[in-house]
Amino acid sequence: MFTNIAREKSAPYWEGSFTHPFVAGLQEGTLSDEAFRYYLIQDGYYLEHFSKLHRLIAEQVEDEEVKEMLLTGADHLKEGEMSIREDFFTELGITDEEVASTEIAPTAYNYVSHMYRQLIDGTPNSAVAGLLPCAWLYQEIGTELIKTGSPHQLYQRWIETYSGEESKEEVAHQCALLNRLYEESDKEEQEKMIEAFYVSAQMEYLFWEMAYTHQKWPEGEKDAVSNY
């Protein structure tokens, strides 16, 4: 089935996320405030477009169950984005001015661009497949990290965000839908679905690295990328 094939292909990046210094630092409470702050700002950009992508893909799909899943997901993401800004942003004193003046990092920009590309060069099914690693990986990481928790109260709240039963149920539903779409697709589309998932899984791993290293564009290669 799709989920088994996709996970097996992306295993190095998927499993690598659990041991990445950023994720380990969340659990140990040793991650620097600067790295977490940078992550939140970049993730804000990502979530804004992730929500938009759910709605744009929903306009293309004909399957009513998938369409409903995407539109519901868009609403939940919008609520989540607002919650993050009200909670983590407020506690860390991240202002709208700071967000606007922070350049979007290469990985955040490329990850979002990859998913938008599925709307042009891919298919509705591959576009849906490209969305799955985010929710699935975060749910698995949250479930793993909650076993011991974090001594850092802010990081503990982040872990709790992705370790609940509701998150687990939503991911299970998405996985079941992707497995069905995969079975209903021809070989060419199946390959596009696997590739879209694989690249997104790579980008998830690189997102931790981006935040941990405070990744910037090489000087002279690119002007500041807008948040919008």
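Which residue lies over the face of Y198? That is K9, placed at 4.8 Å from the ring centre. Hello everyone, and thanks for coming. Please keep in mind that this is a predicted model. Today I'd like to walk you through some of its aromatic rings.

K9 has a counterpart elsewhere. If you look at W136, you'll find the charged end of R7 over the ring, 4.9 Å from its centre.

While we're at W136, let me introduce one of its neighbours, T3. This residue belongs to helix α1, which covers residues 2-9. Leaving aside residues up to four places away in sequence, T3 touches L132, W136, C175 and N179. Is T3 buried or exposed? Its relative accessibility is 7%, and buried means under 20%, so T3 counts as buried.

Now for rings that meet other rings. The structure holds 24 aromatic pairs, and I've picked two for you.

My first choice is F22 with W208. Their ring centres are 5.6 Å apart and the planes make an angle of 25 degrees, so this pair is stacked; the limit for stacking is under 30 degrees. In sequence the two partners are 186 residues apart, and the pair links distant parts of the chain: F22 sits in helix α3, residues 21-28, and W208 in helix α11, residues 187-213. How accessible are they? F22 has 0% relative accessibility and counts as buried, and W208 also comes out buried, at 0%.

Let's stay with those two helices for a moment. How do α3 and α11 lie relative to each other? Their axes come within 8 Å and cross at roughly 70 degrees, and they are therefore roughly perpendicular. On the α3 side, the contact is made by P21, F22 and V23, while α11 brings W208, A211 and Y212. So, what kinds of residues are these? By class, this contact has 6 nonpolar residues, with no polar and no charged ones.

My other choice is Y109 with W217. This aromatic pair is edge-to-face, with 5.9 Å from centre to centre and 75 degrees between the planes. Here, too, distant parts of the chain are linked: Y109 is in helix α7, residues 106-117, and W217 is in the segment after α11, with their positions 108 residues apart in sequence. Y109 is partly exposed, at 28% relative accessible area, whereas W217, at 17%, counts as buried.

That's my tour. Do rotate the model and look for these rings yourselves. Thank you for listening!

How values were computed: Residues numbered from 1 in each chain as written. Predicted model: local features only at pLDDT ≥ 70, side-chain atom pairs only at ≥ 80, totals over all residues. Heavy atoms only, no water. Phe/Tyr/Trp six-rings, centres within 6.5 Å; stacked < 30°, edge-to-face > 60°. Helix = DSSP H or I, 4+ residues; strand = E, 2+ residues; numbered from the N terminus. Buried < 20%, exposed > 50% of the residue type's maximum accessible area, 1.4 Å probe, protein only. Lys NZ or Arg CZ within 6 Å of the ring centre and 35° of its normal. Axes fitted to C-alpha atoms, helices over the stretch in contact; angles between N-to-C directions. Parallel < 35°, antiparallel > 145°, perpendicular 65-115°, else oblique. Contact = heavy atoms within 4.5 Å. Nonpolar A, V, L, I, M, F, W, Y, C, P; charged D, E, K, R; others polar.
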